[in-house]
Amino acid sequence: MSAEIIDGFMIAKGYRERLALEVEKFVAEHGVRPVIRVLLVGDNPASLSYIKGKVKAAAEIGIDSEVLRYEPSITEAELLAEIERINQNPAIHGILVQLPLPKHIDEHKVGLAVDPMKDIDGFHPVNQGNSLAGNWCLESCTPKGVIALLDTIGCDLNGKKVVVIGRSNIVGKPVSVLALNRNATVTICHSRTQNLAEEARQADVLIVAIGQPKFVGADFVKPGAVVIDVGISRTAENKLVGDVDFDSVKEVAGWITPVPRGVGPMTIAMLMQNAFEAMTKQISEGAVSV
Ligand SMILES: Nc1nc(=O)c2c([nH]1)NC[C@@H]1CN(c3ccc(C(=O)N[C@@H](CCC(=O)O)C(=O)O)cc3)C=[N+]21
């Protein structure tokens, strides 16, 4: 039996379409639409391509987005001053600083500078801490997208065994917290984990985010498990591949995400969702008048 393919592209499209309706309704009732700014330093081709996807999604949904571009020679202090200027502008609800940044700029400092209420990436320690505490926050987009995929296929995490492979601050750790907040029993595995395949085989839901092409084979997967592949790498032939060996794992898993058209499109859909949530929160807390 071959696994059901989780079509992240179509699911993300559904989220974007529903969000577009919500935005349209909000604009009709309140006369305000979400406004975001994407800060891009330099001209990394991968960053330019990702940003194109974000700007296109924003336009389709009715979110006002603009890319603010800076020379790679911009100093850290100048970039921090730009962020502060946008933090102070009540007409802008969301800020995203595209990563990676040039080496002379400290990404951690930049992340701390973004107003947590405008942090649509959900990277600020205030948002990550609130997520850990189970409070409302702007959640990191990729982890939020993973949970949204599971919701869409009707996978209830309550009491399930979730194994996460990878412990990065942008995916592994925050997705583990979201699964825990849904009452899953969560195991976080990483490069030092012993008997990794055996740990992974315990999972009802296996989430992989390590950035190593085709690392996870069929021997990592319990028959019928849900497998979510967050990795995206480019092969020598310029093809996108995930961390999961799709062809062999799909013969064992019950459900599986492909790469591309799996988690990637969900990240962008959730970023847009966060822009809307950031705006409504700022309005309800009186930070923005309507
Ligand atoms: N501040 C910040 N926030 C980010 O969210 C952020 C970032 N920096 N830096 C780079 C990474 C990467 N990322 C992706 C988003 C969508 C796809 C995506 O939609 N991928 C398509 C394929 C796209 C293609 O064909 O190239 C897919 O998987 O189907 C991939 C990767 C967001 N990132």
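Me: UniProt positions are given in the numbering used here, and the annotations may be inferred rather than shown by experiment. With that in mind, and remembering that this is a predicted model, which residues does the annotation "binding site" cover?

Reply: The annotation comes from an unreviewed UniProt entry, so it should be read with the caution that it may be inferred. Two of the positions can be placed in the fold, since Arg-167 lies in the loop between β5 and α7 (172-181), and Ser-168 lies in the loop between β5 and α7 as well. The full list in the record is Gly-166, Arg-167, Ser-168 and Ile-232.

Me: Is Ser-168 buried, exposed or partly exposed?

Reply: A residue is buried with 20 or more other C-beta atoms within 10 Å of its own, exposed with 12 or fewer, and partly exposed in between. Ser-168 has 15 other C-beta atoms within 10 Å, while Arg-167 has 17 and is placed in the partly exposed class. The count for Ser-168 therefore makes this residue partly exposed.

Me: Which residues does Arg-167 touch, not counting residues up to four places away in sequence?

Reply: It helps to look at Ser-168 beforehand, which touches Lys-173 and Ala-209 once residues up to four places away in sequence are left out. With the same kind of exclusion, the residues that Arg-167 touches are Gly-172, Lys-173, Ile-188 and His-190.

Me: In what order do the six strands of the open sheet stand?

Reply: The pairing in this sheet is parallel, and six strands take part in it. Reading across the sheet from one side to the other, the order is β1-β11-β8-β7-β5-β6.

Me: Why is one side of some strands left without a neighbour in the sheet, and which strands are they?

Reply: A strand with a single partner has a neighbour on one side, so the other side is left without one. This applies to the strands at the edges of the sheet, which are β1 (4-5) and β6 (185-189).

Me: Which residue of β7 does Val-163 stand opposite?

Reply: Strand β5 (residues 161-165) and strand β7 (residues 205-208) pair in the parallel sense over four bridges. Within this pairing, the residue of β7 that faces Val-163 is Leu-206.

Me: Which residue in β11 is the bridge partner of Val-227?

Reply: Strand β8 (residues 226-229) sends Val-226 and Ile-228 one way and Val-227 and Asp-229 the other way, and all are buried. On one side, β8 is joined to β7 by four bridges, where Val-208 stands opposite Asp-229. The strand also pairs in the parallel sense, over two bridges, with β11 (residues 255-256). In that second pairing, the bridge partner of Val-227 is Ile-256.

Me: Which helix gives the largest share of the largest nonpolar core?

Reply: The largest nonpolar core has 81 residues, and those with the most contacts inside it are Val-162, Leu-206, Ile-207, Val-227 and Met-272. The core draws at least three residues from each of domain 1 (31-120) and domain 2 (141-263). Its largest share, eleven residues, comes from helix α10 (residues 263-284).

Me: Which residues does Ile-207 touch, leaving out residues up to four places away in sequence?

Reply: Ile-207 is among the residues with the most contacts inside the largest nonpolar core, and nonpolar side chains tend to be buried together in soluble globular proteins. The residues that Ile-207 touches are Val-146, Val-162, Val-164, Val-175, Ile-228 and Val-230.

Me: How many Å separate the centres of domain 1 and domain 2?

Reply: The domain assignment of the chain gives domain 1 as residues 31-120 and domain 2 as residues 141-263. When the centres are taken over C-alpha atoms, the separation between them is 29 Å.

Me: Which element gives the most to the shell around the ligand?

Reply: The ligand is surrounded by 19 residues, of which the closest are Leu-99, Pro-260, Arg-261, Gly-264 and Thr-267. At least two residues of the shell are supplied by each of α2 (45-61), β4 (94-97) and α10. With four residues, the element that gives the most is α10.

Me: With which residues is Asp-245 in contact, leaving aside its neighbours within four places in sequence?

Reply: Asp-245 lies in the loop between β10 (240-241) and α9 (246-249), and it counts as partly exposed because it has 18 C-beta neighbours inside 10 Å. Its C-alpha atom is separated by 9.5 Å from that of Asp-229, which is 16 residues apart along the chain. The residues in contact with Asp-245 are Lys-214, Val-216 and Gly-217.

Technical notes:
Residues are numbered from 1 along each chain as its sequence is written. This is a predicted model: local features need pLDDT of at least 70, side-chain atom pairs count only at pLDDT 80 or more; totals for chains, interfaces and linings use all residues. Two strands pair if DSSP finds at least two bridges between them. A nonpolar core is a set of buried Ala, Val, Leu, Ile, Met, Phe, Trp, Tyr and Cys residues joined through C-beta atoms within 7 Å. Domain bounds come from an automatic or database domain assignment. Two residues are in contact if their C-beta atoms, placed from the backbone, lie within 7 Å. A residue is near a molecule or strand if its C-beta atom, placed from the backbone, lies within 6 Å of it.
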